[in-house]
Amino acid sequence: MAAYLIADVDVFDAEAFEEYKRDVPATEQRCGGRYLGRGGAAKVLEGDWEPHRLVIVEFPDMAALMGWYNSPEYSRLKAIRERCARTRIIALEGIA
């Protein structure tokens with residue numbers, strides 16, 4: 001069953017974030033990931049959530065998602081992201 005990476009990214013160094021934004025899609029694609037949403041307009045309908053840059057990536061399954069997240073290839077990019085943004089990330093299993 002599909003799995004979804006959902007991230008709320010608060011970028012505080014846009015220049016440094018450009019490298020991450022440029023290079024991360026290829027790493028996700030190699031693990032079967034595809035973007036469903038990436039930084040588009042968001043509208044809060046209920047609650048007090050104040051999202052920043054929202055990203056939703058669909059993977060074939062949780063194993064593929066976790067394989068990507070824990071990969072050495074992504075590790076380098078994750079370090080870049082951690083230097084230039086505060087991020088909340090969850091992994092969500094889809095419906096069977």
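**View 1. Tyr-20 and its partner Phe-17 in helix α1.**
In this predicted model, Tyr-20 is buried, with a relative accessible area of 10%. Phe-17 is buried too, at 5%. Both values fall under 20%, so both residues count as buried. The two rings form an aromatic pair. Their centres lie 5.3 Å apart, and the planes make an angle of 35°. That geometry is called tilted, because the angle is neither under 30 degrees nor over 60. Phe-17 and Tyr-20 are three residues apart in helix α1, so about one helical turn separates them.

**View 2. The aromatic cluster around Phe-17 and Tyr-20.**
Pull back from the pair, and a group of rings comes into view. One aromatic cluster joins Phe-17, Tyr-20, Phe-59, Trp-68, Tyr-69 and Tyr-74. Across the whole structure, a search finds six aromatic pairs.

**View 3. The largest cavity.**
Where does Tyr-20 turn up again? Tyr-20 is among the residues nearest the centre of the largest cavity. The others named there are Val-9, Val-24, Glu-28 and Val-55. In total, 18 residues line this space. Six elements each give two or more residues to the lining: β1 (3-11), α1 (14-30), β2 (34-38), β3 (53-59), α3 (72-84) and β4 (85-93). Helix α1 supplies the largest share, five residues. The cavity holds about 150 Å³ of space. The count of cavities of 30 Å³ or more comes to one.

**View 4. The chemistry of the cavity lining.**
What kinds of residue line the largest cavity? The lining divides into 12 nonpolar residues, one polar and five charged. Glu-28, one of those nearest the centre, belongs to the charged class. Val-9, Val-24 and Val-55 also lie nearest the centre, and valine counts as nonpolar.

**View 5. A salt bridge within helix α1: Lys-21 and Glu-18.**
Here the side chains carry charge. Lys-21 forms a salt bridge with Glu-18. Their closest N and O atoms are 3.2 Å apart. Because the two residues are three apart in helix α1, about one helical turn lies between them. Lys-21 is partly exposed, at 28% relative accessible area. Glu-18 is also partly exposed, at 40%.

**View 6. A bridge between two helices: Glu-19 and Arg-76.**
Glu-19 pairs with Arg-76 in a salt bridge, with 3.2 Å between the closest N and O atoms. Glu-19 sits in helix α1 and Arg-76 in helix α3, so the pair ties together parts that are 57 residues apart in sequence. Both are partly exposed: Glu-19 at 31% and Arg-76 at 44%. This pair belongs to a network of salt bridges that links Glu-19, Arg-22, Asp-23 and Arg-76. The whole model has seven salt bridges.

**View 7. A bridge between two strands: Glu-58 and Arg-34.**
Is each partner in this bridge buried or partly exposed? Glu-58 is buried, with a relative accessible area of 16%, whereas Arg-34 is partly exposed at 48%. Their side chains meet in a salt bridge of 2.8 Å, N to O. The pair links distant parts of the chain, with Glu-58 in strand β3 and Arg-34 in strand β2, 24 residues apart.

**View 8. A charge over a ring: Arg-38 and Tyr-35.**
The last close-up shows an arginine and a tyrosine. Arg-38 lies over the face of Tyr-35. The distance to the ring centre is 4.7 Å.

Key. Residues are numbered from 1 along each chain as its sequence is written. This is a predicted model: local features need pLDDT of at least 70, side-chain atom pairs count only at pLDDT 80 or more; totals for chains, interfaces and linings use all residues. Side-chain values use heavy atoms; hydrogens and water are left out. On a 1 Å grid over the protein atoms alone, a cavity is a set of points where a 1.4 Å probe fits but cannot get out, and a pocket is an open set with protein on both sides within 12 Å along at least five of seven lines; lining residues have an atom within 4 Å of a point. Grid points are joined across faces, edges and corners, and a volume is the space filled by probe spheres set on the points. Helices (H or I, at least four residues) and strands (E, at least two) are DSSP runs, numbered from the N terminus. Rings of Phe, Tyr and Trp (its six-membered ring) pair if their centres lie within 6.5 Å; planes under 30 degrees apart count as stacked, over 60 as edge-to-face and the rest as tilted. Buried means under 20% relative accessible area, exposed over 50%, partly exposed in between (1.4 Å probe, protein chains only). A charge sits over a ring if NZ of Lys or CZ of Arg is within 6 Å of the ring centre and within 35 degrees of the ring normal. A salt bridge is a side-chain nitrogen of Lys or Arg within 4 Å of a carboxyl oxygen of Asp or Glu.
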